[in-house]
Amino acid sequence: MTQMSISNARARDIIESLRQGTVPEKSLDAFAVGLSRFEAAIDDDLTRVAEGKSALKAVRGEYGCGKTFFSRWLADRARKLGFATSEVQISETETPLHRLETVYRRLMERLSTADMQGGALRAVVESWLYTLGQDVLAEGTLDESDEKELASRTAERLEQRLADVTRVAPNFSAALRAYHDALVANDQATADGLLAWLSGQPNVAAGVKRSAGVKGDIDHFGALGFLQGVLAVLRDSGHKGLLVVFDEVETIQRMRGDVRDKSLNALRQLVDEIHAGRFPGLFLVITGTPAFFDGPQGMQRLQPLAQRLHTDFQTDARFDNPRAPQIKLPGFDLDRLVEVGVKVRDIFASQSKSLDRISSRCDEAYVRDLASAVAGTLGGKIGVAPRVFLKKLVGDVLDRIDQFPDFDPRTHYSLTVTDNELTLAERQSRGAGSVNDIELEL
């Protein structure tokens with residue numbers, strides 16, 4: 001068994017997520033498999049974005065191949081390089097892509113940095129204001145104890161830094177100015193309300209908005225201007241840029257025809273704006289199934305969008321181009337599934353006092369047997385097995401070996417997989433036992 005050089009805290013976070021059947025938010029490099037071929041191209045994109053450019057990457061793959069894992073691996077990699085990140089799950093009801101104001105709100109709710117997982121806008125803005133104040137003091141013409149003059153000059157510096165944003169999103173600058181004034185006046189309630197409004201939250205008190213001279217809520221078009229403002233603040237507060245993931249864009253295909261067309265057009269608009277350089281410091285990643293990229297109800301429905309993201313996958317997969325607008329994730333095979341399982345086992349063992357027992361009772365041969373058994377319960381489709389396999393490996397096998405000295409999985413454990421622990425795609429892979437098992441989309 002390989003000894004893992006990973007902290008106990010990181011190991012616990014990984015194991016707890018897998019035990020719950022979810023993808024960890026960070027430290028994914030510890031058990032990533034098959035992603036090394038993308039590293040150089042991704043790092044080149046991150047470097048360009050850090051230099052003030054923008055980038056777009058579309059990630060395609062069948063269910064279970066690891067699209068969410070890849071996007072979180074990429075986000076974790078970006079945060080370690082000084083980027084802020086955010087992940088937005090596209091859905092028909094909660095986050096429809098054609099409502100960019102809603103997408104922006106979710107983006108702000110999930111804004112993360114290396115120091116804070118989610119809800120990081122306040123920390124980013126306050127770091128930015130502090131940086132502006134330090135720039136003023138660095139000029140050497142102001143006594144640090146003169147708080148009133150420092151606040152005044154910081155406000156002036158704020159206006160200078162947001163000059164470009166003010167032209168396209170004046171309300172963003174106005175709200176930031178009022179937020180700074182509220183902090184100086186120790187009016188925390190107003191400051192909190194203004195930050196909520198900047199985050200795209202609805203139902204902010206009218207009095208709070210009046211303090212900034214703004215009205216209403218952020219709309220579809222205003223959201224893009226506010227995103228420019230956030231990018232400017234991130235850049236000036238020392239962050240290299242912002243990586244945003246739109247996960248599961250294939251849900252667009254299930255929407256009503258007019259809503260689907262609006263969503264595709266919104267995505268096309270974003271793609272065009274990124275290519276035009278409107279969002280310096282933005283790296284947008286979208287993930288979807290091949291049906292979304294190639295099918296008649298997906299991207300092909302809007303030819304301008306299909307043309308912008310077209311990538312040739314007709315040649316041998318060994319020669320797929322990681323620098324292309326689209327990249328294709330390879331599906332899992334049994335060997336790759338076993339490799340991931342062994343890495344997870346080693347991570348688990350690294351923070352356990354039962355290293356020898358885990359090593360002997362959950363050797364690679366047993367990991368392979370378990371992987372084969374899980375795939376067998378899912379109709380032999382290894383591509384949809386990783387989530388269930390890792391959940392069973394951690395929660396049913398490793399936890400028990402760790403806690404019960406006399407537990408031997410080959411003797412005391414029999415794999416069971418019930419429908420109520422599976423996602424829709426996983427259930428469908430098992431096949432229908434009767435007409436009552438067939439799920440219809442109405």
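Five bridges join strand 3 (residues 242-247) to strand 4, and these two strands run parallel. Helices (H or I, at least four residues) and strands (E, at least two) are DSSP runs, numbered from the N terminus. Two strands pair if DSSP finds at least two bridges between them.

The model is predicted: local features need pLDDT of at least 70, side-chain atom pairs count only at pLDDT 80 or more, and totals for chains, interfaces and linings use all residues. Residues are numbered from 1 along each chain as its sequence is written, and side-chain values use heavy atoms, with hydrogens and water left out.

**Strand 4 and its neighbours**

Within the pairing of strands 3 and 4, leucine 243 stands opposite phenylalanine 283 of strand 4. Strand 4 also pairs with strand 1 (residues 55-60), in the parallel sense and over six bridges. Here glycine 288 of strand 4 is the bridge partner of arginine 60.

Strand 4 covers residues 282-288, and seven of its seven residues are buried. Buried means under 20% relative accessible area, exposed means over 50%, and partly exposed lies in between (1.4 Å probe, protein chains only). In a regular strand the side chains alternate between the two faces of the sheet. In strand 4, Leu282, Leu284, Ile286 and Gly288 point one way, while Phe283, Val285 and Thr287 point the other way.

**Helix 4**

Helix 4 (residues 100-109) is largely enclosed by the rest of the structure, because eight of its ten residues are buried. The buried residues are Leu100, Glu101, Thr102, Val103, Tyr104, Arg105, Leu107 and Met108.

**Loop residues**

Three loop residues are set out below.

| Residue | Loop | Relative accessible area |
|---|---|---|
| Serine 27 | between helix 1 (8-19) and helix 2 (36-50) | 8%, buried |
| Aspartate 146 | between helix 5 (121-138) and helix 6 (147-161) | 35%, partly exposed |
| Glutamate 248 | between strand 3 and helix 12 (257-275) | 33%, partly exposed |

Serine 27 has a phi near 65°, a positive value in a residue other than glycine. Glutamate 248 is not a glycine either, and its phi is positive at about 60°.

Aspartate 146 belongs to a patch of negative charge on the surface, together with Asp143, Glu144 and Glu147. Patches are made of residues with over 30% relative accessible area and no salt bridge, with like charges joined within 9 Å. A salt bridge is a side-chain nitrogen of Lys or Arg within 4 Å of a carboxyl oxygen of Asp or Glu.

Technical notes:
Patches are made of residues with over 30% relative accessible area and no salt bridge: like charges are joined within 9 Å, nonpolar side chains (Val, Leu, Ile, Met, Phe, Trp, Tyr) within 5 Å. Accessible areas come from the Shrake-Rupley method with a 1.4 Å probe; for residues, only the protein chains shown count as cover. Lys and Arg count as positive and Asp and Glu as negative; His and the chain ends are not counted. The place of a charge is taken as NZ of Lys, CZ of Arg, CG of Asp or CD of Glu.
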